[in-house]
Each structure stands twice: as C-alpha cells, then as structure tokens.
Amino acid sequence: MTTPPRRSALALTVLVFLAWESMHAYKIQQLIKEFGKDRVVNVKQRASVYQTIDRLLRTELIRVRETSSADNRPERTIYEITDTGRDTARRWLREALASTGNEYPEFPAALAQLPLLPPSEVAEQLQVRLDAQRAEYAQMSEWFDQDPPQLHRLFLIEEEYRFAVLTAEIGWLESTIADLRSGALTWDETWLRQQAQPYSSENPDTNP
C-alpha cells in the first residue's frame with residue numbers, strides 16, 4: 001500500500017461517514033451539509049469531496065463496493081471503508097484531538113501584520129469582524145436555547161466548542177477595539193522605525 005494521505009478534516013469526515021454506512025460521493029456531500037459539518041469542514045469547492053475520495057481510494061483507505069443506477073440516472077459508485085481506513089480514521093482522530101500548534105488560520109496571521117495599517121483602520125476592520133461575530137453569536141445562542149435540544153450533546157460538541165471560542169473572541173475584539181480607539185494601543189511610522197532599528201541591516205550590531 002502507498003503512504004496514506006496527510007491527515008485532513010475532510011478526509012477524516014469522509015472516513016467516519018463511510019465507517020457508519022457505505023454510500024456514494026454525492027450522499028456524503030449532502031450529509032456533510034445536512035448534519036452541519038460544513039461549518040467545521042471546508043467543502044466550499046464542489047469537487048473537494050470527490051478529490052478526497054480519489055486520494056483515499058489510491059491509498060486503499062476506502063474501496064469500491066459496487067456501482068448502481070436507477071431511473072435512468074447516471075451510474076453511481078458506492079464506497080466502503082477498509083480495515084486500514086478504519087484504523088487510520090481512529091489514529092487521525094486521536095492525533096487531531098491531542099495535538100496543537102499545527103494549524104495556521106488566516107486571522108492570527110493577519111494580526112501579526114497590523115503595522116501595515118494605521119490603528120484607526122485596524123479598529124474599523126475589527127469592528128466589521130465583531131459585528132459579524134455578534135450576529136453569529138446571536139444565531140448560535142438561539143439555536144442552543146431550543147428546548148428540548150434537537151440532538152444529543154455528543155452530536156453538537158463541535159458547535160459547543162465553536163460557541164465557546166466565539167464568545168472568547170467577541171470579548172477580545174471588544175477590548176482590543178476599545179484600546180485602539182482610546183490610544184492605549186497605537187503606533188505610527190516613526191515609532192515603528194524605532195522599534196525596527198535594532199534589527200535593521202544598517203545597524204552595525206546586526207552585521208556578521
């Protein structure tokens with residue numbers, strides 16, 4: 001067998017769905033959306049599920065069980081998980097639950113480059129993000145407040161985590177925006193140049 005593909009959220013999701021039931025690619029794609037997993041797994045590209053299935057097939061983590069057609073519809077391929085695929089899914093899940101520091105989301109990367117913009121504009125853009133996050137918070141709060149809950153907590157655990165992270169981010173955004181607008185957090189070109197001077201190539205102390 002070839003080397004298994006690198007762990008990804010979508011590959012793990014596909015393996016888990018096939019661990020429960022053999023199915024075709026379109027059904028996997030539909031279930032991801034119906035179960036709300038598209039909020040935590042990137043399936044924006046329509047071909048992403050099919051590409052992932054191809055990779056899992058090549059590495060023998062899944063296999064073709066049968067092909068079927070009905071009502072003059074195009075033939076569909078039914079996939080099933082292999083024993084190796086099941087073991088790999090469990091290993092990936094253990095690794096994903098325990099590991100940290102291997103994710104590179106865009107927002108923290110953008111925060112690392114704040115000096116490119118003036119504080120007033122940073123505050124403005126963070127306010128846009130805060131408004132969107134507050135709207136998401138209100139929607140999730142309404143959903144969680146349903147009585148009785150539509151699903152057991154086990155099947156909502158990722159949403160519970162997202163809600164906790166969202167709550168924390170809203171608090172951080174509010175505080176940071178307030179500091180930017182009050183001047184408690186600020187910078188300008190002169191100050192930035194002073195901060196960069198010790199690391200400048202023109203500083204003789206940094207030359208080899």
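Over the ring of which residue does the charged end of arginine 129 sit, and how far from its centre? In this model, which is a predicted one, the charged end of arginine 129 sits over the ring of phenylalanine 107, at 3.5 Å from the ring centre. There is another arrangement of this kind to show you, in which the charged end of arginine 39 sits over the ring of tryptophan 143, 5.6 Å from its centre.

Tryptophan 143 brings me to the aromatic residues, since Trp143 forms one aromatic cluster together with Tyr137, Phe144 and Phe163. The count of aromatic pairs comes to five. One of them joins tyrosine 137 and phenylalanine 163, and this pair is stacked because the ring centres are 5.0 Å apart and the planes meet at 20°, where stacking requires planes under 30 degrees apart. Tyrosine 137 belongs to helix H6 and phenylalanine 163 to helix H7, so that the pair links distant parts of the chain, 26 residues apart. Tyrosine 137 is itself partly exposed, with a relative accessibility of 31%.

Between helix H6 (119-144) and helix H7 (157-182) runs a loop, and leucine 154 is placed in it. Leucine 154 counts as exposed, at 57% relative accessibility, and with Leu151 and Phe155 it forms a nonpolar surface patch whose accessible area is about 330 Å² together.

Lastly, a point about the backbone: most residues other than glycine have a negative phi. Glutamate 60, however, has a positive phi, near 60°. Glutamate 60 lies in the loop between helix H3 (48-58) and strand S2 (62-68), and with a relative accessible area of 45% this glutamate is partly exposed.

How values were computed: Residues are numbered from 1 along each chain as its sequence is written. This is a predicted model: local features need pLDDT of at least 70, side-chain atom pairs count only at pLDDT 80 or more; totals for chains, interfaces and linings use all residues. Side-chain values use heavy atoms; hydrogens and water are left out. Helices (H or I, at least four residues) and strands (E, at least two) are DSSP runs, numbered from the N terminus. Buried means under 20% relative accessible area, exposed over 50%, partly exposed in between (1.4 Å probe, protein chains only). Patches are made of residues with over 30% relative accessible area and no salt bridge: like charges are joined within 9 Å, nonpolar side chains (Val, Leu, Ile, Met, Phe, Trp, Tyr) within 5 Å. Accessible areas come from the Shrake-Rupley method with a 1.4 Å probe; for residues, only the protein chains shown count as cover. A salt bridge is a side-chain nitrogen of Lys or Arg within 4 Å of a carboxyl oxygen of Asp or Glu. Rings of Phe, Tyr and Trp (its six-membered ring) pair if their centres lie within 6.5 Å; planes under 30 degrees apart count as stacked, over 60 as edge-to-face and the rest as tilted. A charge sits over a ring if NZ of Lys or CZ of Arg is within 6 Å of the ring centre and within 35 degrees of the ring normal.
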